[in-house]
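Okay, thanks everyone. I've got one structure to walk you through today, so let me put it up on the screen.

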Amino acid sequence: MAEPAAGGPAPEDPRSPWLRTSFVMAAAFVGFIAVIAAAVVFTSSGNGEAAEPATPTDPAMPTTGTGTGTGTGTGKGTGTGTCPTLPTAQQAVPTAAPTGITWTLFDAVALPASKTAGPAITTGDVARCYAHTPVGALLASSQISVRYLAAGDWQTVTRTQTLGAGRDTYLADRAAAEQTAEPGDSPTHGQIAGFRFVTYHDTTAVVETVWRFPDGTLQAATTTVLWRDGDWRLEFPADPAAPTPVDSVAGYVSWGGV
C-alpha cells in the first residue's frame with residue numbers, strides 16, 4: 001500500500017476509520033493508523049540533548065496519583081499505584097530545548113524523558129507520572145500521543161492516559177476494525193522536529209509539535225494535555241483538527257532525539 005499523502009487521509013477507503021480526520025490526533029500528530037491495511041505512519045525528526053536515564057518501572061499497572069501542583073507535589077494514588085514526588089519549581093514555559101532530556105526509541109519513534117519531569121514510572125506500554133510543570137506537560141504530550149497510537153497495548157494507554165469526547169468512539173471503532181485487519185505494509189517512522197507552547201495554565205497545556213516525515217516534509221499539529229488526578233492526560237476531542245504542513249521549524253524550538 002502506498003504511504004498516505006502527508007496531511008490527509010485516503011478518501012477512497014471508507015472502511016478505514018483511522019484514515020479519517022476524526023481519528024487523527026489533533027494533538028501531537030504522529031501519523032495515520034490504517035488498521036484495515038495494517039499500516040502505521042509516523043512523522044518526526046530533529047536534534048536533541050541526551051542526559052541521564054529516566055523512567056523507572058514498577059511491577060503493577062498503576063493508574064495515577066494526585067498532587068497539589070505546588071512545591072514538590074507528592075502524589076496520593078487513586079488506582080493501584082502512586083506517583084513519586086517530582087519537582088515543580090520550574091514553571092517557566094520553555095523557549096529553548098529543555099535540558100536533562102534522554103531520548104529512547106519506542107517503536108522506532110524517539111520519545112523524550114527527564115529524571116525531574118517524567119515519566120517517572122513506565123509499566124508495559126504506559127509511561128506516566130509527569131511533573132506538574134510546562135516541561136512535564138511537553139513530555140506527556142510527546143509520550144502519550146505516540147503510545148496511544150503505536151503501543152501493542154494501545155487500549156490500556158488510551159483508557160488510562162486520555163480523556164475527552166472522542167476517546168470511547170476511538171476505542172470501540174479501532175477494536176472493531178482490527179478484527180478484520182489484514183497484513184499490509186511495514187510502518188514508516190519519523191521523529192519530533194520542534195515545538196512551541198500555544199498556552200499554558202496549571203490545569204491545561206496546549207502544545208504545537210512539528211513532526212518530520214522520512215522524505216523531509218514537515219507537519220505541525222496541536223496537542224492539549226489536561227492535569228487530572230495528579231498527572232497530565234491527553235485530551236481526545238470528538239473532532240480533532242487535521243495537522244497542517246509547514247516549511248520549516250522557524251518559529252518553533254528545534255527539538256528531537258534522532
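I'll start with the sulfurs: the S-S torsion of Cys 83 and Cys 129 comes out at about -80°, so this disulfide is left-handed. The S to S distance in that pair is 2.0 Å, and with a cut-off of 2.5 Å for calling a disulfide, the count is 1. As a reminder, a disulfide is a covalent bond between the sulfur atoms of two cysteines.

So where do the two ends sit? Cys 83 is in the loop between strand E4 (76–77) and strand E5 (101–106), while Cys 129 is in the loop between strand E8 (126–128) and helix H1 (134–150). They're 46 residues apart, so to speak a link between distant parts of the chain. Buried or exposed, Cys 83 and Cys 129? Both are buried.

Now, before anyone gets too attached to the coordinates: this is a predicted model. The chain averages a pLDDT of 74, and 66% of the residues score at least 70. Confidence bottoms out in strand E2, residues 39–40, with a mean of 26, and peaks in strand E15, residues 253–254, at 98. Over residues 1–80 the pLDDT is below 50, and yet that stretch has 265 contacts in the model beyond near neighbours in sequence. Where pLDDT is low, the predicted coordinates should not be read in detail.

Zooming out to the whole chain, we have 3 helices and 15 strands. There are 258 residues, and 52% of them count as buried. If you take contacts with a separation of 6 or more, 66% of them are between residues 24 or more positions apart.

One helix I'd like to show you is H2, residues 154–161. Its buried residues are Trp 154, Val 157, Thr 158, Thr 160 and Gln 161. And what do the buried residues of H2 pack against? That would be E8, H1, strand E9 (162–163), helix H3 (167–178) and strand E13 (231–235). You've met E8 and H1 already, on either side of the Cys 129 loop.

Last stop, for the docking people: the largest pocket. Its volume is about 260 Å³. The lining is made up of 15 residues, and those nearest the centre are Gln 90, Thr 116, Ala 117, Thr 133 and Val 135. By class, that lining splits into 10 nonpolar and 5 polar residues, with no charged ones.

Okay, that's my tour. Over to you.

Note on methods:
Residues are numbered from 1 along each chain as its sequence is written. This is a predicted model: local features need pLDDT of at least 70, side-chain atom pairs count only at pLDDT 80 or more; totals for chains, interfaces and linings use all residues. Side-chain values use heavy atoms; hydrogens and water are left out. Helices (H or I, at least four residues) and strands (E, at least two) are DSSP runs, numbered from the N terminus. Buried means under 20% relative accessible area, exposed over 50%, partly exposed in between (1.4 Å probe, protein chains only). On a 1 Å grid over the protein atoms alone, a cavity is a set of points where a 1.4 Å probe fits but cannot get out, and a pocket is an open set with protein on both sides within 12 Å along at least five of seven lines; lining residues have an atom within 4 Å of a point. Grid points are joined across faces, edges and corners, and a volume is the space filled by probe spheres set on the points. Ala, Val, Leu, Ile, Met, Phe, Trp, Tyr, Cys and Pro count as nonpolar, Asp, Glu, Lys and Arg as charged, and the others, Gly among them, as polar. Contact means heavy atoms within 4.5 Å. pLDDT is the predictor's confidence in each residue, from 0 to 100.
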